[in-house]
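I opened this entry to work through one chain, starting from its sheet. My notes follow in the order I looked things up.

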Amino acid sequence: MNKPKKCDECGKPFPVSGRIPKEIRAMLDKVTTCSECLVIKLEQANKRLLMKQFLSKAQWPNGAICQRRANDITSDYHYTESAAQAVCRMLERDGLGGEGKIFPIKTWIENCQNKVLND
Ligand SMILES: [Zn+2]
């Protein structure tokens, strides 16, 4: 029996019926939202990616990371300022690659919200 599912988001029942190949049906069993809500969810996931706006940066001793690099600075994008802070703290505490051998000269956080979000 193909009984309609209820969307987790809007509560509307949506059909899971017709001739659906077995492999796809298994996937559909995991889907808990109607197609409209699914699209919205995907858009939100996209937005979240764009919201990766905090940059954790670390400056390393000369040549410590890679000699071919133009500078000795590494950086990483994060969703939240606290996540960026956590990375900086970790680098200060555990050093490059967590090996406790090479430590950054300094670490800092940049908020690049305006550069990343253009809409
Ligand atoms: Zn829905």
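**Entry 1: the sheet.** I started with the strand order, which reads β4-β3-β5 in an open sheet of 3 strands with antiparallel pairing. β4 and β5 are the edge strands, each with a single partner, so one side of each has no neighbour in the sheet. I then checked the twist: neighbouring strands are turned by 20 degrees against each other on average, direction ignored. Next I asked what packs on this sheet, and found α3, which touches β3, β4 and β5. The direction of α3 makes about 15 degrees with that of β3. I note here that the model is predicted.

**Entry 2: the pairings of β3.** I took the two partners of β3 in turn. With β4 (residues 73–78), β3 pairs in the antiparallel sense over 6 bridges. I looked up two positions in this pairing. Phenylalanine 54 has histidine 78 as its bridge partner in β4. Alanine 58 has threonine 74 as its bridge partner there. With β5 (residues 106–111), β3 also pairs in the antiparallel sense, over 6 bridges. In that pairing, leucine 55 stands opposite glutamate 110.

**Entry 3: the two faces of β3.** Which residues of β3 are on the covered face, and which on the uncovered one? I listed Phe54, Ser56 and Ala58 as covered. Leu55, Lys57 and Gln59 are on the uncovered face.

**Entry 4: the core.** I looked for the largest nonpolar core and found 6 residues: Phe54, Ala58, Trp60, Ala84, Val87 and Leu91. β3 (54–59) and α3 (81–94) each supply at least two of these residues. The largest share, 3 residues, comes from α3. Background for my own reference: in soluble globular proteins, nonpolar side chains tend to be buried together. I then went back to alanine 58 and asked what it touches, leaving out residues up to four places away in sequence. Its contacts are Ile73, Thr74, Cys88, Leu91, Pro104 and Thr107. Leu91 is on that contact list, and Leu91 is also a member of the core.

**Entry 5: glycine 11.** I moved to the loop between β1 (5–6) and β2 (13–14), where glycine 11 is found. Is glycine 11 buried or exposed? I counted 9 C-beta neighbours inside 10 Å, so glycine 11 is exposed. I also checked its distance to threonine 33. The two are 22 residues apart in sequence and 8.4 Å apart in space, C-alpha to C-alpha.

**Entry 6: the whole chain.** I stepped back to count elements and got 4 helices and 5 strands. From the N terminus on, they run β-β-α-α-β-β-α-β-α. Buried residues make up 8% of the 119 residues. I then looked at contacts between residues at least 6 apart in sequence. Of these, 55% join residues at least 24 apart.

**Entry 7: confidence.** I closed with the pLDDT values. The chain averages 82, and 85% of the residues score at least 70. Where is confidence lowest, and where is it highest? Helix α4 (residues 113–116) is lowest, at a mean of 53. Helix α3 is highest, at 95. My note for later: α3 is the helix that packs on the sheet.

Terms used
Residues are numbered from 1 along each chain as its sequence is written. This is a predicted model: local features need pLDDT of at least 70, side-chain atom pairs count only at pLDDT 80 or more; totals for chains, interfaces and linings use all residues. A nonpolar core is a set of buried Ala, Val, Leu, Ile, Met, Phe, Trp, Tyr and Cys residues joined through C-beta atoms within 7 Å. A residue is buried if 20 or more other C-beta atoms lie within 10 Å of its own, exposed if 12 or fewer, and partly exposed in between; C-beta atoms are placed from the backbone. Two residues are in contact if their C-beta atoms, placed from the backbone, lie within 7 Å. Two strands pair if DSSP finds at least two bridges between them. Axes are lines fitted to C-alpha atoms, for helices over the stretch in contact, and angles run from 0 to 180 degrees between N-to-C directions. pLDDT is the predictor's confidence in each residue, from 0 to 100.
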